Amino acid sequence: MRVINLEDKPIKHRKICNELEKVRIKEDDIDWVTNLEDGIEKIREAIESGKPYDIAVTDMYYPERPGSGDAPSGEVFISKMKEFGIDIPIILISSQNLRVPGILGTVYFLENSDWEDDLQMLVRKIQ
């Protein structure tokens, strides 16, 4: 499975990769972008190359473009995928306990919670 992770914090990205590896997704199959603009571009490139992503994992707050400040880019990302007609399962991982309709699911990311099990369960739904 190919995964794109839209996340601006390296430590959180590493933790997500560790959990994806537990459900047999190799790190080589995970692309990491730190802003919305690059994420949308990578998804378009993947579709054009005939190798689309199987899952998008997104944070809620990260820069819209390189060098900009945090914004609710996860919400914009979800809207853009719908607007562009890109049918990709989306998992939102956020330190805010959110429920967002129309996506595969949300994971409440807290260090002392069982967020890891929630992520693994969502990925298994589409494997």
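## Close-ups of a predicted model

**View 1. Glu19 sits in helix 1, the stretch covering residues 10-22.** Keep in mind that you are looking at a predicted model. Is Glu19 buried or exposed? Glu19 counts as buried, because its relative accessible area is 7% and the cut-off for buried is under 20%. Look for Gln120 too: the side chains of Glu19 and Gln120 are joined by a polar contact of 2.6 Å.

**View 2. Asp31 and Arg2 pair up in a salt bridge.** Their side chains meet with N and O 3.5 Å apart. Where do the two partners come from? Asp31 belongs to strand 2 (residues 30-33), while Arg2 is in the segment before strand 1 (3-6), so this pair ties together parts that are 29 residues apart in sequence. As for Arg2, its relative accessible area is 25%, which means partly exposed. That label fits because 25% falls between the under 20% of buried and the over 50% of exposed.

**View 3. Lys12 and Asp59 form another salt bridge, with N and O 3.1 Å apart.** This one links distant parts of the chain: Lys12 is in helix 1, and Asp59 is in the loop between strand 3 (55-58) and strand 4 (62-63), 47 residues away. Are these two buried or exposed? Lys12 is buried, at 9% relative accessibility. Asp59 is buried as well, with a relative accessible area of 8%. So both ends of this salt bridge carry the label buried.

**View 4. Lys80 and Glu83 make a salt bridge inside one helix.** The closest N and O atoms of this pair are 3.8 Å apart, and that still counts, because the limit is within 4 Å. Which helix holds them? Both lie in helix 3 (residues 73-83), and they are three residues apart, about one turn of the helix. Lys80 is partly exposed, with 27% relative accessible area, whereas Glu83 is exposed, at 55%.

**View 5. Glu7, Lys12 and Asp59 are joined into one network by salt bridges that share partners.** You have already met Lys12 and Asp59 as a salt-bridged pair, so the newcomer to look for is Glu7. Find Glu7 in the loop between strand 1 and helix 1. With a relative accessible area of 1%, Glu7 is buried. The side chains of Glu7 and Lys12 are also joined by a polar contact of 3.4 Å.

**View 6. Glu37, Asp38, Glu41, Glu45 and Glu48 form a negative surface patch.** Why is the patch called negative? Because Asp and Glu count as negative. Pick out Glu48, which lies in helix 2 (residues 36-48). Glu48 counts as exposed because its relative accessibility is 69%, and exposed starts at over 50%.

**View 7. Arg24 has a positive phi, near 65 degrees, in a residue other than glycine.** Where should you look for Arg24? Arg24 is in the loop between helix 1 and strand 2. Its relative accessible area is 74%, so Arg24 is exposed.

**View 8. Gly102 sits in the loop between strand 6 (90-94) and strand 7 (105-108).** Gly102 is exposed, at 67% relative accessibility. How far apart are Gly102 and Ile47? In sequence they are 55 residues apart, and in space their C-alpha atoms are 21 Å apart.

**View 9. Asp54 is in the loop between helix 2 and strand 3.** Asp54 is partly exposed, with a relative accessible area of 32%. Try tracing from Asp54 to Arg99: these residues are 45 residues apart in sequence and 21 Å apart in space, C-alpha to C-alpha.

**View 10. Trp32 is part of strand 2.** Trp32 counts as partly exposed, at 35% relative accessibility. From Trp32 to Ile91 there are 59 residues in sequence and 14 Å in space, C-alpha to C-alpha.

Note on methods. Residues are numbered from 1 along each chain as its sequence is written. This is a predicted model: local features need pLDDT of at least 70, side-chain atom pairs count only at pLDDT 80 or more; totals for chains, interfaces and linings use all residues. Side-chain values use heavy atoms; hydrogens and water are left out. Patches are made of residues with over 30% relative accessible area and no salt bridge: like charges are joined within 9 Å, nonpolar side chains (Val, Leu, Ile, Met, Phe, Trp, Tyr) within 5 Å. Accessible areas come from the Shrake-Rupley method with a 1.4 Å probe; for residues, only the protein chains shown count as cover. The place of a charge is taken as NZ of Lys, CZ of Arg, CG of Asp or CD of Glu. Helices (H or I, at least four residues) and strands (E, at least two) are DSSP runs, numbered from the N terminus. Buried means under 20% relative accessible area, exposed over 50%, partly exposed in between (1.4 Å probe, protein chains only). A polar contact is a pair of N or O atoms within 3.5 Å; within protein, one must be able to donate a hydrogen and the other to accept it, and residues adjacent in sequence count only if both atoms are side-chain atoms.
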